[in-house]
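Biologist: I am new to this structure and would like to go through it slowly with you. Could we look at it together, one question at a time?

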Amino acid sequence: MLIVSEKCFSPFFSVPCLEMTTKRKIIGRLVPCRCFRGEEEIVSVLDYSHCGLQQVPKEVFNFERTLEELYLDANQIEELPKQLFNCQALRKLSIPDNDLSSLPTTIASLVNLRELDISKNGIQDFPENIKCCKCLTIIEASVNPVSKLPDGFTQLLNLTQLYLNDAFLEFLPANFGRLVKLRILELRENHLKTLPKY
């Protein structure tokens with residue numbers, strides 16, 4: 001199985017290229033993104049970090065049935081397209097250091113999502129139906145102007161790590177204590193004055 005995990009730019013093409021790798025080592029040849037169309041290979045990882053992107057590349061949607069990890073770190077993406085949430089095999093979505101202002105309600109479609117990194121954006125709140133992402137174990141949402149968490153957040157019973165440093169949190173949901181699997185909770189630099197009793 002081939003995993004597309006290294007990004008680069010080819011001097012022979014004007015479109016971004018991806019480097020094909022096996023799980024163990026880099027094969028070492030560059031292949032334009034468009035060459036993957038119609039291929040039988042199973043692509044489970046795509047990395048478009050530090051590409052100066054303003055939107056999610058359309059090539060991503062060619063692998064919506066097999067894609068398990070998507071890295072879009074450090075771009076200028078302002079919104080996530082609806083089609084992204086058809087990638088129901090997605091287990092890790094990493095989009096820190098972008099220009100997102102909201103997390104769409106369609107995130108509820110990612111029922112297999114285990115890790116979500118949306119740190120360093122402009123996200124002000126989580127949608128109530130984040131509760132549908134019941135497989136989530138790690139959420140990194142630090143450095144966002146989040147002022148509160150929805151009650152549905154406390155239904156993420158598999159959550160083990162939550163990072164919400166440098167946000168605007170004023171309080172936590174009353175039944176936050178339901179997150180009994182939570183092992184790491186970081187809430188530095190917030191506006192919290194009290195914590196829930198349970």
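Modeller: Let us begin with a term that we shall need: a residue is called buried under 20% relative accessible area, exposed over 50%, and partly exposed in between. Please keep in mind throughout that this is a predicted model.

Biologist: With those limits in hand, is Glu140 buried, partly exposed or exposed?

Modeller: Glu140 is found in strand β8, and its relative accessible area is 21%. Since buried means under 20% and exposed means over 50%, that value places Glu140 in the class called partly exposed.

Biologist: Which residues does Glu140 contact, once its neighbours within four places in sequence are left aside?

Modeller: One of them is Asp117, which is 23 residues from Glu140 in sequence, while the two C-alpha atoms are 4.6 Å apart in space. Separately, the side chain of Glu140 makes a polar contact of 2.8 Å with the side chain of Ser142. Leaving aside neighbours within four places, the contacts of Glu140 are Leu116, Asp117, Ile118, Ser119 and Tyr163.

Biologist: Stepping back to the protein chain, how many helices and how many strands does it have?

Modeller: Read from the N terminus on, the elements run β-β-β-β-β-β-β-β-β-β. The count for the protein chain is therefore 0 helices and 10 strands.

Biologist: What percentage of the residues in the protein chain is buried?

Modeller: The protein chain exposes about 10800 Å², and carbon and sulfur atoms supply 48% of that area. Of the 198 residues in the protein chain, the buried ones make up 46%.

Biologist: Which residues touch the most other members of the largest nonpolar core?

Modeller: This core holds 48 residues. Phe126, for example, touches Leu103, Ile118, Ile139, Ala141, Val146, Leu149, Pro150 and Phe153, not counting residues up to four places away in sequence. The members that touch the most others in the core are Leu70 and Phe126.

Biologist: Is Thr154 buried or exposed?

Modeller: Thr154 lies in the loop between β8 (138-140) and β9 (161-163), and its side chain reaches the backbone oxygen of Asp151 at 2.7 Å. Not counting residues up to four places away in sequence, Thr154 touches Pro173, Asn175, Phe176, Arg178 and Leu179. Because its relative accessibility is 0%, Thr154 counts as buried.

Biologist: Turning to charged side chains, which residue meets Glu115 in a salt bridge?

Modeller: Side chains of opposite charge can pair when their charged atoms come close. The partner of Glu115 meets it at 3.5 Å, N to O, and the pair links distant parts of the chain, strand β7 (residues 115-117) and strand β6 (residues 92-94), with the two positions 23 residues apart in sequence. Glu115 is partly exposed at 28% relative accessibility, and its partner, likewise partly exposed with a relative accessible area of 24%, is Lys92.

Biologist: How many salt bridges are there by this rule?

Modeller: The rule asks for a side-chain nitrogen of Lys or Arg within 4 Å of a carboxyl oxygen of Asp or Glu. Besides the pair of Glu115 and Lys92, the side chains of Glu186 and Arg188 meet in a salt bridge at 3.2 Å, N to O; here Glu186 is partly exposed, with a relative accessible area of 23%, whereas Arg188 counts as exposed at 52%. By this rule the number of salt bridges comes to 2.

How values were computed:
Residues numbered from 1 in each chain as written. Predicted model: local features only at pLDDT ≥ 70, side-chain atom pairs only at ≥ 80, totals over all residues. Heavy atoms only, no water. Helix = DSSP H or I, 4+ residues; strand = E, 2+ residues; numbered from the N terminus. Buried < 20%, exposed > 50% of the residue type's maximum accessible area, 1.4 Å probe, protein only. Polar contact = N/O pair within 3.5 Å; in protein donor to acceptor, adjacent residues only side chain to side chain. Contact = heavy atoms within 4.5 Å. Areas by Shrake-Rupley, 256 points an atom, 1.4 Å probe, with all protein chains shown as cover. Core = buried A, V, L, I, M, F, W, Y, C linked by side-chain atoms within 4.5 Å.
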